[in-house]
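Colleague: I'd love a close look at one part of this model, if you have a moment. Could you walk me through it at bench level?

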Amino acid sequence: MKSGFVSIVGKTNAGKSTLINKIIKSKISIATPKPQTTRNAIQGIYNDKDSQIVFIDTPGILIPHQKLDKFMNKQAYGSLNGIDALILLIDAGNPYNEEKDGPIASSLQNVDCPLFVVFNKIDLTNHILIKHLKEKYQELFPKAKLIEISAIRDFNIDVLIREIKNVLQDGYAFYPEDMKSDHPVSFLISEIIREKVLLFLQAEVPHCVAVKIDQMSKINDTMHIDATIICEKSSQKGIIIGHQGKMLKKIGMTSRKEIEDLLRRKVNLKTFVRVEEKWRDSSNYLKEFGYTEEE
């Protein structure tokens, strides 16, 4: 069988999480229209009759301003070690920008593995723009394979998988056939809740938020979960809770439904809100909330 590890890198909001969810055919990485949705490198495991491909969904590469930003960049660039192929995902709806795209391209010049430059959101671009993008990236990476896709419309995903298989070596399965992600269920649950915060709240709040699962216990056939949403200011806490608690209730109800689908059982979810000032720049809080690597 063919097997290997494939990282997906690119700017924030290029569609990396949507792509990996389409490939795995399961929601293992949250996806929203807002940038910096993914914070951790997440492994999604693709299996078919003759291959196992471990895809690594990475945070969008960004200019770091806080310790959390540095952690996210480290997760992205760290995913380049020991891989068998690399996908550079490009938003085909935006022209090449030297200031924003140049540093990423430069950082990948010495990657010693097959490279796929994948142009996503092909349904939202035009012939002239995609032509110029392809010419630019073929110039930057002469040996790269260029592929056009639309992750959200499931266009050419099968072509991408086939081309990746062509460059992988014969090997063995790294994970059980029914396993779809390397992260524990508690992590996936916390990400589901954080996704709802990203979707429902004002622009200034979501990226100041982390979610911590305080406890999970199964009683009879019901999973009882306590989760805390952490923000940085009391004003943000008020927005998260909402008038008469309506926003927090909305976050909890929509999260619970999706968690029940994930766990395939009834869920009793309790959500709390806690303020920790400047947690994104605190090593201790980053460690508590799961944003530091183990030594």
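Colleague: Which cysteine sulfur is closest to the sulfur of cysteine 208, and is that distance short enough or too far for a bond?

Modeller: Happy to! Please keep in mind that this is a predicted model. The closest cysteine sulfur to that of cysteine 208 belongs to cysteine 231, at 8.3 Å. A disulfide needs the two sulfur atoms within 2.5 Å, so 8.3 Å is too far for a bond. The search of the whole structure likewise finds zero disulfides. As for its surroundings, cysteine 208 counts as buried, with 7% relative accessibility. Cysteine 113 is buried too, at a relative accessible area of 16%.

Now to the strands in this part. Cysteine 231 falls within strand E8, which covers residues 222-231. Strand E8 sits in an open sheet of three strands, ordered E7-E8-E9, with mixed pairing. Strand E7 (210-219) and strand E9 (266-275) are the edges, each pairing on one side only. On average, neighbouring strands in this sheet are turned by 15° against each other, direction ignored.

Strands E8 and E9 run parallel and are joined by ten bridges. If you would like a spot to look at there, find threonine 228, which stands opposite phenylalanine 272 in E9.

Two helices complete the picture. Helix H6 (residues 185-200) packs on the sheet and touches E7, E8 and E9; the direction of H6 makes about 130° with that of E7. Helix H8, residues 246-263, lies across E8 and E9 and runs at about 140° to E9.

Technical notes:
Residues numbered from 1 in each chain as written. Predicted model: local features only at pLDDT ≥ 70, side-chain atom pairs only at ≥ 80, totals over all residues. Heavy atoms only, no water. Pairing = 2+ DSSP bridges. Helix = DSSP H or I, 4+ residues; strand = E, 2+ residues; numbered from the N terminus. Axes fitted to C-alpha atoms, helices over the stretch in contact; angles between N-to-C directions. Contact = heavy atoms within 4.5 Å. Buried < 20%, exposed > 50% of the residue type's maximum accessible area, 1.4 Å probe, protein only.
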